[in-house]
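Grab a pencil and work through these exercises one by one. Try each task yourself before you read the solution below it.

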Amino acid sequence: MSETGALICISEAESKDINVVIQMMKRIHILHEKYSELLQKTHRQKLAKYLKYIGFDNLAHTLCPQGKESGAEKDIYKYSVHMGAARFQLTHMGPYLFREERSDPDPRLHHFIPDTWQRELLDVVDNNESAVIVAPTSSGKTYASYYCMGKVLQESNDGVVVYVAPTKALVNQVVGTVYNLFTKALPKGSVVCGVFTRDYRHDTLNCQILVTVPQCLEILLLSPHYQKWTERIRYVIFDEVHCLGGEVGAEVWEHLLVMIRCPFLALSATISNPEHLTEWLALVKGYWQRVESTMENADPSRNALKSSKRQQRARVGKPSYKVRLVWYKERYNDLEKYVCSLKDNDFVIAHYHPCAALTVNHIEKYGVPADLRFSPRESILLYDAMVHIWPERSRMQELEPEEFSCFKNKVVIMRTDAKKYEEELKKEMLSWMQLDPGKVNQLLQYLKPQTFDSARIEKERMFPCFVEKLKEMDRLPAIFFSFNIHSVERSASRLLTNMLTRQYTHSHNSEGEKNLNRKLEKAIKSQRRTYAAYLHSNSTARIQRLILWDAEIKEIKKSLKKSKEVPPDCTYVDRAGVDSETFRKIVSRLRWTRGGSNLIRLLQRGIGYHHGLMEYKQRQVVETLFRLKHVKVVTATSSLALGINMPCKTVVFTEDSVYLDALNFRQMSGRAGRRGEDLIGSVIFYDIPLPKIDRLLKSDVPKLKGQFPLNITLVLRLMLLVAKADDKEDAKAKALSLLQYSLMSFKQPKVKCMLKFYFIYSLQFLVREGYLNQECVPIGYAGLVSHLHYHEPSNFALVSMLVKGLFHKLCVPVIVDGKKTFSEDVMETLVVVLAHLFGKRYLPPCAKKFKKLFSHSMVFLRPLPEDFAAAVKQYNARVRKNFGSFLLTVSKLADGSQEYRLPLSEIDFSGTECEDSELVSHLMPGTESRSAVSPFACLSNITDQDLFGVHVTNDAILRTLNVDVSNIPLLCLNKWDQSGRKYFLNAYALDFYKHGSLSTLASDNWLNMGDAFHLIRDFTLTIQSIRISLSELCGDEDDNVVLALQQLSDAFSKKLWKRR
């Protein structure tokens, strides 16, 4: 940089354009850090002079020691930024601070230089080991998955990598990436990539990379027909493995981690106890190592096939049973939080310091949360606040940025230096807790932002203006999260309406456009009036005049068209992102999709929405246009929280919800500031109460403890696997792994014993119900029940009805044109029965008041026919008898020290000091038939016999047993709220069967169109599954029940898949 150039930069800095100074410091950093050996004395002198221009004398002296200033240079400080060099770098250059990155390339990767922790991932794959990989979003952990895929593809044509994703949206994204990354010449019939989800299956068994969801991989692993295929699996990759701690479907993730014999990679950004998870998985791998060793030592004549397979595996590398933990805690880009409030129709966006979420009580109990991190700028803000609260504190001088040991006279402050400063500030704050907690309380209150209350409806009205504000602040692209699908679509529509209104106002207030319209109208009238005369004239001059008039009209129309183009302030589209032809080609996929035309109108203005009930094509188009920077604003539910590649600059939480917890907050906020896209990410709370923000920031992600791993259908599926498998030893090993190594029972011997009892009682139930014989070999309807494992306990109730002959009694055909058909009454009754079993959707008790008077739908499902209801009651009675005994048996495993302790004060009332209390003697076990009931439930006069009643089981059971009513296969026909009011079952399935209109169904039943479609599709798939299973079981295609289900399935499919 020349001296003149430097002076120009400084003059701009003096005009408060601090960005110019930042750019100059960036260049000095690069020269000093990367080209230090090439710098000569004259170069250092020039750099020192530029540093003096901006007031950084100490850095200038460090770079090039000089004598005393000459008189001519005394006025150079007029360009000073008026702060120390360390403070300037932390405050303004945080995103540009250098990281300690490796410069030596890795021969295994050619497109980038991996960090040390990333090389460890490569080593894991090369050694055929397993790993739990915990790293922040955008840190670069997923690339290990694709390295693993490439390695297996290179080894052979037989090996398979299975990629397990939690959602179909993520499945689709991974499939697209695989197709882009890998090509390979394979034998005929084999392909590189296959997909398996519940409603889509393509090249599942003849691919080398299978992308699937957990439930579908579980089907493959538990099926005796796919044993040979499972032996080909070389690696399994679990993306977003923290789903293991969820409430729905978590047990399936656990089943997969326990059953697979091959190495795995388990990826997540939000696991709070990865050591515990790794230790458990190492125990599981130790089990499989012992199994493999036992098989190797078995009789060679019985294991010739296994021996050949082991030799084949040896050629591609023997799998290791080691499980590593790779835990990288540093996020590449910082996240800064802001709170938006409304004051006098203007937005106040205040910075929210992470420490503002803390309280003295929280720090005393839990300390500072491990993942509560600062940006360099926030470290300076915390230091300034500490000086303001306790200026006489001697330690403050040591922590002064210019005096801090890691910063003092340092030309280039590194990222690690800033992190050390952050840690020292946290230590100082903790020392204040010991010296004077009152000072800490003052500090935390001082850091809290000032906010202003406003009505929620007012914030909804001002939402379009808020998005415009973000556009002015250069905070787009942005994702606006809400947990309500209707809010997501409504917010996007409101933005479009606001833009159209602004454009309409702009065009009607434009005098230029009005003049062009008048001019065009006048020219056309004149042309029409004299056109005939000129047309029949031979005058060359008149013909030339006619040509000029045509040209003039064309020019006016061209100007008018240009004036009608969408103004820049009426769209969020980045015109440099996607050309019009490419845009038309992309959105053409939305033709014939639900709501496709409305979505196209939004996308034309750079607006999109995203939720799980959209069609796959719609989500894909929104994701593609967002990545191409055409769409800058997306409103979304949590469908974008799990791994979808949607890089954005800002994440906004637009409304509060019970689903907005610590885990979802971290997953969603991780979308902002993606590596390689943005320097820093912003998280803005738009309509979230301040106490909720505090909880989100200071709460830890829930620890992975495991869910109840067994259910009756799973036990039956294990028995089917063992009975029908060709490789009996492998099947038994899988079954034992599930029964012995659950995460819930890890280091919990009493829980392990309880699960054994549950397994025994499950076998007893299955034998009594006729699914197993005395040798525990599956018989009868076992295949049908296991095929419908998604729907426990409805699958068992269905079989009870079949055994009693109720369906054959109902499905009496009539002969029409020589074919069996079934009347509408039969079909409707069949729909009612199946809806009670497989189509339950509850409406609140107040729904009756809001039913539309002129509705085309029934809305409320009529009761189950009496004979079917009686069969369900008899089935429930048998379940209560069996599992009531189970609860009484396992009650002896409860932890008395926890059961007989008050939950808040933790006072133990089982000791000798309370033995004279009549109340305590009433609550203690062994009296009045209360050996298995919680002492708190005893206050309501509940006894052991009440455990057999489903409505009080959860309240009465001893809480340390880790069992609740959901683990017992009872089918409840009715449901009540806490006030005793009855919930109503929705008749959506019957309504759709009768009128066949999705739009009417959605309108009458308070459904979103996507909700309506998915409900009917799932119900149709269930009918088809029952029909196929029954047909295979009875072997008679002409069976009346099979034919009735076929007719019903055809009717639903025809109505559902007609052109919408």
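Two strands count as paired if DSSP finds at least two bridges between them. Keep that in mind for the sheet exercises. Also remember that you're looking at a predicted model.

**Exercise 1: Getting your bearings**

Task: Find out how many helices and strands the protein has, and what share of its residues count as buried.

Solution. Start with the inventory: there are 44 helices and 19 strands in the protein. Next, look at burial: 51% of the 1060 residues count as buried. Finally, check the contacts: if you take those between residues at least 6 apart in sequence, 74% of them join residues at least 24 apart.

**Exercise 2: The neighbours of β2**

Task: Work out which strands β2 is bridged to, and say whether its residues are buried or exposed.

Solution. Step one, take β6. Five bridges link β2 with β6, and the two strands run parallel. As an example, V164 sits opposite F238 in β6.

Step two, take β5. Here four bridges do the joining, and β2 and β5 are again parallel. V162 has L210 of β5 as its bridge partner.

Step three, look at where the side chains go. V160, V162 and V164 point one way from β2, while V161 and Y163 point the other way. Buried means under 20% relative accessible area, and every one of those residues is buried. With five of five residues buried, β2 is therefore largely enclosed by the rest of the structure.

**Exercise 3: The whole sheet**

Task: Put the strands of the open sheet in order, and pick out which ones are the edge strands.

Solution. Begin with the order. Eight strands make up the sheet, running β4-β3-β5-β2-β6-β7-β1-β8, with mixed pairing. Now go to the edges: β4 (200-202) and β8 (323-327) each pair on one side only. From one strand to the next, the twist averages 15°.

Zoom in on the β8 end. Five bridges join β8 to β1 (residues 130-134), and these strands run parallel. One residue pair to find is A131 with its bridge partner R324 in β8.

Now add the helices. α6 (residues 116-126) lies across β1, β6, β7 and β8, at about 160° to β8. α9 (residues 214-222) lies across β2, β3, β5 and β6, at about 130° to β5.

**Exercise 4: Two helix pairs**

Task: Say how α2 and α3 are oriented to each other, then do the same for α5 and α15.

Solution. What do you need? Two packed helices are described by the angle between their axes and the distance between the axes.

For the first pair, α2 (residues 18-34) and α3 (residues 41-53) pack at about 150°, and their axes are 11 Å apart. Angles over 145 degrees count as roughly antiparallel, so α2 and α3 are roughly antiparallel to each other. The crossing of α2 past α3 is left-handed. On the α2 side you'll find M24, M25, I28, L31 and H32, which meet R44, L47, Y50 and L51 of α3. Sort the residues of this contact by type and you get seven nonpolar, one polar and one charged.

For the second pair, α5 (residues 85-92) and α15 (residues 376-389) pack at about 125°, with axes 6 Å apart. That makes α5 and α15 oblique to each other. R87, L90 and T91 in α5 meet P376, R377, I380, Y383 and D384 in α15. The tally for the contact of α5 with α15 is four nonpolar, one polar and three charged.

**Exercise 5: Two single residues**

Task: Decide whether K188 is buried or exposed, then find which residues L500 is in contact with, leaving aside its neighbours within four places in sequence.

Solution. K188 is in the loop between α8 (168-181) and β3 (191-197). Its relative accessible area is 90%, so K188 is exposed. N206 is 18 residues away from K188 along the chain, and their C-alpha atoms are separated by 10.0 Å.

L500 belongs to helix α21 (residues 485-508). Its relative accessibility is 33%, so L500 counts as partly exposed. With the neighbours within four places left aside, L500 is in contact with R601 and R605. C570 is 70 residues from L500 in sequence, yet the two are 7.3 Å apart in space, C-alpha to C-alpha.

Methods
Residues numbered from 1 in each chain as written. Predicted model: local features only at pLDDT ≥ 70, side-chain atom pairs only at ≥ 80, totals over all residues. Heavy atoms only, no water. Axes fitted to C-alpha atoms, helices over the stretch in contact; angles between N-to-C directions. Parallel < 35°, antiparallel > 145°, perpendicular 65-115°, else oblique. Left-handed = near helix turned anticlockwise from the far one by under 90°. Contact = heavy atoms within 4.5 Å. Nonpolar A, V, L, I, M, F, W, Y, C, P; charged D, E, K, R; others polar. Buried < 20%, exposed > 50% of the residue type's maximum accessible area, 1.4 Å probe, protein only.
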